[in-house]
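Visitor: Hey, got a minute to go through this one with me? I'd like a quick tour.

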Amino acid sequence: MLLAADEGDITTIIGGIAPDWGPFGSLGNEAKVMIEVVMAIAILLCLGIAIWGAAKQRIGATALRDTFSAEQGKGLIIAGLTGVFIIGSLGTLFTIVYGMAV
């Protein structure tokens, strides 16, 4: 009987999925952690902006009947979610661009 999961472990699987930091591969672990923390904080700020925009849109559209506030809320939602997408895909973009350059 041959078992497919006989060799390797979970780090082999995760290591194959995770990007390899591309041009930043020579950075130390502390620098990588700092970059990850900065990116996590930026994502949280963008999500906060999107939530603030949703609240502003909801309050402006229903309670105050203020169309300007509702439009500002839509803009904040779009900006926040776009920021989350861009920051979340930076690692992949750097890896693709670095791979194309090499």
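Guide: Sure, here's a walk through the fold, its helices and a few contacts.

Visitor: Before we start, what kind of model is this?

Guide: This is a predicted model.

Visitor: OK. How many helices and strands are there in the chain?

Guide: The chain has 4 helices and 0 strands. Reading from the N terminus, the order is α-α-α-α.

Visitor: And how much of the chain counts as buried?

Guide: Of its 102 residues, 13% count as buried.

Visitor: Let's pick a helix. What can you tell me about H3?

Guide: H3 covers residues 67-88, which is 22 residues. From first C-alpha to last it reaches 32 Å, close to the 32 Å expected at 1.5 Å a residue.

Visitor: Which residues of H3 are buried?

Guide: Those are Ser69, Ala70, Gly73, Gly80, Gly83 and Ile87. Looking down the axis of H3, the buried residues fall within an arc of 150°, so they line one face of the helix.

Visitor: What's exposed on the other side of H3?

Guide: There you find Thr67, Phe68, Ile78 and Phe85, which are exposed.

Visitor: Take one from the buried list. Why does Ala70 count as buried?

Guide: Ala70 has a relative accessible area of 10%, and buried means under 20%, so Ala70 qualifies.

Visitor: How far is Ala70 from Gln57?

Guide: Their C-alpha atoms are 3.9 Å apart in space, with their positions 13 residues apart in sequence.

Visitor: Switching topic: how many salt bridges does the count come to?

Guide: The count comes to 1 salt bridge. Glu71 pairs with Lys74, and their closest N and O atoms are 3.4 Å apart.

Visitor: Where do those two sit relative to each other in helix H3?

Guide: Glu71 and Lys74 are 3 residues apart in H3, so about one helical turn separates them.

Visitor: Buried or exposed, or something in between, for Glu71 and Lys74?

Guide: Glu71 is partly exposed, at 49% relative accessible area. Lys74 is partly exposed too, at 38%.

Visitor: What about after H3? Where does Ser89 lie?

Guide: Ser89 is in the loop between H3 and helix H4, which spans 90-101. With a relative accessible area of 16%, Ser89 is buried.

Visitor: Which backbone oxygens does its side chain reach?

Guide: A polar atom of the Ser89 side chain lies 2.9 Å from the backbone oxygen of Phe85. The Ser89 side chain also reaches the backbone oxygen of Ile86, at 3.2 Å. Phe85 is one of the exposed residues of H3 we just went through.

Visitor: Now the surface. Which residues make the nonpolar patch?

Guide: Val33, Val37, Ile41 and Leu45 make a nonpolar surface patch of about 360 Å². Val37 is found in helix H2, and Leu45 has its place in H2 as well, which runs over residues 29-63.

Visitor: Is there a number for how open those two are?

Guide: Leu45 counts as exposed, at 57% relative accessibility. Val37 is partly exposed, with a relative accessible area of 43%.

Visitor: And where does Leu45 stand with respect to Gly83?

Guide: Their C-alpha atoms are separated by 9.1 Å, while the two residues are 38 apart along the chain. Gly83 belongs to the buried residues of H3.

Visitor: One more pair from H2 and H3. How far apart are Met39 and Ile87?

Guide: They are 48 residues apart in sequence and 6.7 Å apart in space, C-alpha to C-alpha. Met39 is found in H2, while Ile87 is among the buried residues of H3.

Visitor: And how accessible is Met39?

Guide: Met39 is at 25% relative accessibility, which makes it partly exposed.

Visitor: Great, that's what I needed. Thanks!

Methods:
Residues are numbered from 1 along each chain as its sequence is written. This is a predicted model: local features need pLDDT of at least 70, side-chain atom pairs count only at pLDDT 80 or more; totals for chains, interfaces and linings use all residues. Side-chain values use heavy atoms; hydrogens and water are left out. Buried means under 20% relative accessible area, exposed over 50%, partly exposed in between (1.4 Å probe, protein chains only). Patches are made of residues with over 30% relative accessible area and no salt bridge: like charges are joined within 9 Å, nonpolar side chains (Val, Leu, Ile, Met, Phe, Trp, Tyr) within 5 Å. Accessible areas come from the Shrake-Rupley method with a 1.4 Å probe; for residues, only the protein chains shown count as cover. A salt bridge is a side-chain nitrogen of Lys or Arg within 4 Å of a carboxyl oxygen of Asp or Glu. The expected span of a helix is 1.5 Å times one less than its number of residues. The arc is that of the directions from the helix axis to the C-beta atoms. A polar contact is a pair of N or O atoms within 3.5 Å; within protein, one must be able to donate a hydrogen and the other to accept it, and residues adjacent in sequence count only if both atoms are side-chain atoms.
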